[in-house]
Amino acid sequence: MVARIQELESRLSKNSRNSSKPPSSDGLKKTQSLRRKSGKRPGGQVGHAGKTLRQAAVVDHVVEQELPEHCDVCHAALPVAQAQVQERRQVLDIPVPRHEVTEYRTLSLVCQCGKLHESRFPEKVTEHVQYGPNIRAVAVHFTQGQLLPYARASELMADLYQLDISPGTLHGWTREADALLSPSVQAIAQQVSQSPVVHVDESGLRVQAKLQWLHTSVTPTHTWYGVHPKRGIEAVNAFGVLKDYVGVLVHDCWAPYWLIQCVHALCNAHLLRELTFLAQSSGQAWPQRMMDMLLAAHRGCERARTQGITAVPSRQVLRWIRRYRALLDEGQALNPQRVKEQGKRGRAKQSDAFNLLRRLRDHEQEVLRFARDLSVPFTNNLAERAIRMPKVKQKISGCFRTLAGAQSFCTIRSYLDTARKHGIGMLEALRVAFNSAPMEFVGSG
């Protein structure tokens with residue numbers, strides 16, 4: 001009974017900071033951050049390059065404040081033409097946006113020989129009245145880039161540009177963007193599959209009131225999304241992005257990822273959260289010491305990168321490994337394996353501490369991969385950040401009504417997030433795609 005009470009109390013004390021629970025489950029509970037005080041004073045630091053509002057060298061409009069025509073003392077006429085500029089002040093503002101209408105006209109002319117000559121409309125001007133590519137780009141940016149629902153995006157188009165565009169039309173432009181960007185996203189998937197280090201993650205996505213799974217594979221320069229009914233290896237094989245991957249795969253220890261025949265690295269942020277929970281719930285010292293050891297190793301690797309060192313000295317790595325193993329021994333001495341009670345079916349239920357210790361022991365190579373290989377990051381933060389925006393979309397707009405809509409979102413967000421990583425604004429990337437052709441993102445940004 002005591003063990004059962006402790007287990008239930010432990011469940012209640014779990015939150016997004018000390019477990020893999022999402023932040024939305026925290027409610028109004030006060031959580032403890034994994035961050036530690038840096039010792040720096042609040043505000044800008046010494047040597048920080050500040051930014052301030054400066055006057056522009058080129059201005060669009062000049063308004064000169066008029067002088068009086070006569071002196072207010074002697075009443076003599078003032079030579080206003082000879083006045084000199086005493087001081088300048090600038091106001092930065094944006095013009096009130098409005099849409100423009102461009103009319104295309106074809107001409108006809110009959111030659112003296114009787115031949116009729118007629119000009120033609122541009123290839124993309126196909127309708128009696130139609131919307132241009134820039135309007136399409138802005139609308140798709142509102143719904144897929146800024147994650148607005150179609151109805152609110154329709155209202156915003158009316159407020160900003162005085163355009164009465166229905167939500168159905170906006171949805172049609174999303175399908176058009178999906179078809180337009182698909183070849184570019186296929187190239188993104190190819191780039192990801194050939195990268196030496198790839199981050200992966202997955203999360204539930206509501207589609208047609210049913211659970212689907214959003215999968216993402218990302219690098220520092222490319223982002224790929226996909227949606228599938230399954231969460232595990234079946235989805236990985238169906239997408240094909242990581243089917244034959246041979247580089248380093250960074251993940252959160254989800255079992256199906258181990259079925260991919262490649263080098264693996266575990267996310268230490270997940271481990272730190274679990275260690276935080278054990279430090280809070282068990283009262284034992286080894287979880288905090290393990291956190292300190294992992295964070296010290298992380299700081300050592302960061303210093304090596306800033307100094308341009310390609311690898312941490314082997315002596316230092318060996319010291320981290322020895323400390324790591326010593327802490328595991330300390331933890332296992334305090335949390336021995338539970339023996340199955342006679343007469344009970346199944347295996348004996350092990351404590352959270354024992355399960356984590358066993359995982360840390362079994363996957364020592366993957367946990368400390370970041371220390372042996374400086375190209376491998378300490379956490380899986382890239383993939384977790386990629387998952388965040390689709391979750392925001394779902395919170396704002398609710399579930400996707402169709403699977404095709406979810407797939408379109410994955411295609412467009414893959415293109416937009418990759419453009420952002422290459423220093424290209426999402427709106428600009430869409431404008432280029434609708435006006436000419438989608439961008440290709442090859443190599444690093």
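The following paragraphs lead through a predicted model, from an annotated region to a helix, a set of salt bridges, and the spaces enclosed by the chain.

An unreviewed UniProt entry carries the annotation "domain: Transposase IS66 central", which covers residues 129–407. Across residues 129–407 the chain is 56% helix and 12% strand. The end C-alpha atoms of this stretch are 30 Å apart.

Helix α6, made up of residues 268–282, offers a check of geometry. At 1.5 Å a residue, its 15 residues should span 21 Å, and the end C-alpha atoms are 20 Å apart, so expectation and model agree. The helix is mostly covered, with 11 of its 15 residues buried. The buried residues are Asn-268, Ala-269, His-270, Leu-271, Leu-272, Arg-273, Glu-274, Leu-275, Thr-276, Phe-277 and Leu-278. Just after α6, Gly-283 adopts a positive phi of about 75°.

The salt bridges come next. The structure holds 12 salt bridges. In one of them, the side chains of Glu-176 and Arg-136 meet with an N to O distance of 3.1 Å. Glu-176 lies in helix α4 (residues 167–193) and Arg-136 in helix α2 (residues 133–145), so this pair ties together parts that are 40 residues apart in sequence. As for their surroundings, Glu-176 has 33% relative accessibility and therefore counts as partly exposed. Arg-136, at 18% relative accessibility, counts as buried, because the cut-off for burial is under 20% relative accessible area.

A further salt bridge joins Arg-231 to Glu-202, whose closest N and O atoms are 2.9 Å apart. Arg-231 belongs to the loop between β5 (223–228) and α5 (233–239), while Glu-202 is in strand β3 (residues 197–207), so the pair ties together parts that are 29 residues apart in sequence. Arg-231 is partly exposed, with a relative accessible area of 29%. Glu-202 counts as buried, at 6% relative accessibility.

The pair formed by Glu-302 and Arg-305 lies within one helix. The closest N and O atoms of this salt bridge are 2.7 Å apart. Glu-302 and Arg-305 are three residues apart in helix α7 (residues 286–306), and are therefore separated by about one helical turn. An α-helix has 3.6 residues a turn, so residues three or four places apart point the same way. Glu-302 is partly exposed, its relative accessible area being 36%. Arg-305 also counts as partly exposed, at 29% relative accessibility. Elsewhere, Arg-325, Glu-364 and Arg-372 are linked in a network of salt bridges.

Helix α8 (residues 314–334) includes Ser-314. Ser-314 has a relative accessible area of 58% and is therefore exposed. The C-alpha atoms of Ser-314 and Ala-371 are separated by 9.6 Å, although the two residues are 57 residues apart along the chain.

The account now turns to open and closed spaces. The second largest pocket contains about 1,300 Å³ of space. Its lining comprises 34 residues, and those nearest its centre are Glu-100, Gln-130, Tyr-131, Gly-132 and Pro-133. Helices α2, α3 (150–161), α4 and α14 (426–435) each supply at least two residues of this lining. By class, the lining of the second largest pocket divides into 17 nonpolar, nine polar and eight charged residues.

As for enclosed space, the count comes to one cavity of 30 Å³ or more. The largest cavity holds about 80 Å³ of space. It is lined by Val-200, Asp-201, His-215, Thr-216, Ser-217, Trp-224, Val-236, Phe-239, Val-241, Leu-242 and Tyr-257. The elements giving two or more residues to this lining are β3, β4 (210–218) and α5. Of the elements, β4 gives the most, with three residues. The lining of the largest cavity has seven nonpolar, three polar and one charged residues. Strand β3, which contributes to this lining, is also the strand in which Glu-202 lies.

Key:
Residues numbered from 1 in each chain as written. Predicted model: local features only at pLDDT ≥ 70, side-chain atom pairs only at ≥ 80, totals over all residues. Heavy atoms only, no water. Helix = DSSP H or I, 4+ residues; strand = E, 2+ residues; numbered from the N terminus. Expected span 1.5 Å × (residues − 1). Buried < 20%, exposed > 50% of the residue type's maximum accessible area, 1.4 Å probe, protein only. UniProt positions renumbered as here; feature names shortened; annotations may be inferred. Salt bridge = Lys/Arg side-chain N within 4 Å of Asp/Glu carboxyl O. 1 Å grid on protein atoms, 1.4 Å probe; cavity = no way out; pocket = protein on both sides within 12 Å on 5 of 7 lines; lining within 4 Å. Points joined across faces, edges and corners; volume = space filled by probe spheres on them. Nonpolar A, V, L, I, M, F, W, Y, C, P; charged D, E, K, R; others polar.
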